[in-house]
Amino acid sequence: MRTRVTAAVLAAALTPLALTLSAPAAHAATAAAPYDFNGDGRADLAIGAPGATVAGQARAGAVAVVYGSSTGPKSSTRTLLTQNTAGMPGAAEADDAFGSALASADLNTDGYADLLIGTPGEDGSDTNDGTVTIVWGSASGLSGARTLFSFFSTDYDRYGQALAAGDFDADGDADVAVGSTGPVTLSLVNGPITKTGAHNGGSGSRNDRWSTSHGTTHLSSGDITGDGHPWVVLHGRAANTAHAATGLADMKIGNYVDWQQDLPAGYVSAVGDIDGDGHDDIAIGNDRETSADPAGALGGQVTVVYGGPDGRDTSRAPLVLTQDTAGVPGASEKGDRFGSGVSLGDVNGDGFADLAIGVAGENSAAGAVTVLFGSASGLTTKGARSYTQNTAGVPGSSEKGDRFGARVTLTDHTGDHRADLSVSAPGENAGDGAVWSLRSTTTGPTATGSVSFGPGTTGVSTAGTPGYGTALNS
């Protein structure tokens, strides 16, 4: 059973955040692309370190933002964000886990993308209530913040453990989808969302087939149907078994009955148009062994579901990929974790989205990343690439436990209209973590000129195990 309830219905039981009320701002500019915080046409790189120590508070969490440049992410131009940053709501406290989830959209349509940061460990009306912070973009980068509205705080915990942003209700304003645990596992906060304006309502969803203790654990979104408004891919665990469960939701459906379609089970996903047909496709990563999850596979797997005018295209069989698939580098081995991270973006500029797959458990969890290319006929393994820290030109060296590829993102940091490959290894240097960025070319990512940096370079404390790169641009 899947149900949704509107914020208006429960308004009498809620205590909304106290904020200055004003009329929503008029649309002043063309909305910026996600993660372009300073409006220069280049996506910036947001890096979550939810285990970071802040002012002596263990696991309070931090987010480093490295701005894009003509040569890629440039660590000398950066912004460090914690809950102790001036103007940030709240305060850094132990186990807040600020930076556990990230999302971006130009929420107030001022021409600068804004950053959403999930803090699922934040205590509110009870322990681990969770919160989401909006940090505003500007010509000079990120500055100023407010808290995202939280309508159902008595009905969930760990609000902000998963995030996605987009015009989900097709009314012309960007909205925010938020994952949580408890009876309400998914919330939609309606746009427009401005720096000082009142909230504009929202809704919450309960899925009785999913585990309420795990809730919605990951979100991604894209224009699956090709009609100009995004749908949401949501991940959780099945009730009673805790096995992976994945659904595709049309957030604008008002009857709250047929708003969600089932998808192949996995823990993470990415959305993009692999075959250039105008319908975004979905790559779902399930890095578990069958002993841990019956939908998994030896060494892990990724399933590609093609989009169509009604959501998933049921006329096309999903494409299932493992390291034993012909043309995919490597071989399926226990613990490889193929599919630990997935991202879709056009690396070579040919108009088709390409797929980056993290293999965080490869070679005793040293880790690897595989890149497969899109085409008019769909994803192909022809010309597939593999990268590790031992690849010539990639800084560092592969070491047991680094988990290189735990998270991957394909994002245009240089403004050349090709997606660059950024990779995190949260286990690098005994849990400090690190991030690498490889430039895109017309033949795929190149290690030549690639850069790497860790928490110390961007001002994040290395006390404890910050897990730098636990979250990257979604």
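How many bridges join strand S24 and strand S25, and in which sense do the two strands pair? In this predicted model, strand S24 (residues 354-359) and strand S25 (residues 368-373) pair in the antiparallel sense, and 5 bridges hold the pairing. As one point along this pairing, Ile-357 stands opposite Thr-370 in S25.

**Two open sheets**

Strands S24 and S25 belong to an open sheet of 4 strands, whose order is S23-S24-S25-S26 and whose pairing is antiparallel. At the edges of this sheet are strand S23 (338-345) and strand S26 (380-387), each of which pairs on one side only. If direction is ignored, neighbouring strands of this sheet are turned by 20° against each other on average.

Another open sheet, also described by its strand order, is made of 4 strands in the order S27-S28-S29-S30, and the pairing is antiparallel. Strand S27 (407-411) and S30 stand at its edges, and because each has a single partner strand, one side of each is left without a neighbour in the sheet. Here the neighbouring strands are turned against each other by 20° on average, with direction ignored. Within this sheet, strand S28 (residues 420-425) pairs with S29 in the antiparallel sense over 5 bridges, and the bridge partner of Ala-425 is Ala-434 in S29.

It helps to recall what holds such strands together: strands of a sheet pair through backbone hydrogen bonds, in either a parallel or an antiparallel way.

The table gathers several strand pairs, with one pair of bridge partners for each.

| Strand pair | Sense | Bridges | One pair of partners |
|---|---|---|---|
| S5 and S6 | antiparallel | 5 bridges | Leu-102 and Ile-117 |
| S6 and S7 | antiparallel | 5 bridges | Leu-116 and Ile-134 |
| S11 and S12 | antiparallel | 4 bridges | Leu-186 and Ser-205 |
| S28 and S29 | antiparallel | 5 bridges | Ala-425 and Ala-434 |

**A cavity beside S29 and S30**

The structure holds 1 cavity of 30 Å³ or more, and about 30 Å³ of space lies in the largest cavity. Its lining is formed by Thr-71, Gly-72, Pro-73, Ser-437, Leu-438, Arg-439, Gly-449 and Val-451. The elements that give two or more residues to this lining are strand S29 (434-439) and strand S30 (446-453), and the largest share, 3 residues, comes from S29. Sorted by character, the lining residues of the largest cavity divide into 3 nonpolar, 4 polar and 1 charged.

**Strands that are covered**

Is strand S6 enclosed by the rest of the structure or left open? Since 6 of the 6 residues of S6 are buried, this strand is largely enclosed by the rest of the structure. In a regular strand the side chains alternate between the two faces of the sheet. In S6, Asp-114, Leu-116 and Gly-118 point one way, while Leu-115, Ile-117 and Thr-119 point the other way, and all of these residues are buried. Strand S6 is paired with strand S5 (residues 101-105) through 5 bridges, and another 5 bridges join S6 to S7, so that a partner strand is found for S6 in each of these antiparallel pairings.

Strand S12 (residues 202-207) is mostly covered as well, with 5 of its 6 residues buried. Its antiparallel partner is strand S11 (residues 186-189), to which 4 bridges connect it.

**Two loop residues**

Two residues in loops can be set side by side. Asn-38 lies in the loop between strand S1 (2-6) and strand S2 (45-49), whereas Asp-123 lies in the loop between strand S6 (114-119) and strand S7 (131-135).

Why does Asn-38 count as buried? Its relative accessible area is 17%, and because buried means under 20%, Asn-38 falls on the buried side of that cut-off. Asp-123, with a relative accessible area of 43%, is partly exposed, because this value lies between the 20% and 50% limits.

The surroundings of the two residues can also be listed. Leaving aside neighbours within four places in sequence, Asn-38 is in contact with Asp-44, Tyr-67, Tyr-112, Ser-138, Ala-139 and Gly-141. Asp-123, not counting residues up to four places away in sequence, touches Asp-96, Asn-128 and Asp-129. The C-alpha atoms of Asp-123 and Val-460 are separated by 23 Å, and these two residues are 337 residues apart along the chain.

Key: Residues are numbered from 1 along each chain as its sequence is written. This is a predicted model: local features need pLDDT of at least 70, side-chain atom pairs count only at pLDDT 80 or more; totals for chains, interfaces and linings use all residues. Side-chain values use heavy atoms; hydrogens and water are left out. Buried means under 20% relative accessible area, exposed over 50%, partly exposed in between (1.4 Å probe, protein chains only). Contact means heavy atoms within 4.5 Å. On a 1 Å grid over the protein atoms alone, a cavity is a set of points where a 1.4 Å probe fits but cannot get out, and a pocket is an open set with protein on both sides within 12 Å along at least five of seven lines; lining residues have an atom within 4 Å of a point. Grid points are joined across faces, edges and corners, and a volume is the space filled by probe spheres set on the points. Ala, Val, Leu, Ile, Met, Phe, Trp, Tyr, Cys and Pro count as nonpolar, Asp, Glu, Lys and Arg as charged, and the others, Gly among them, as polar. Axes are lines fitted to C-alpha atoms, for helices over the stretch in contact, and angles run from 0 to 180 degrees between N-to-C directions.
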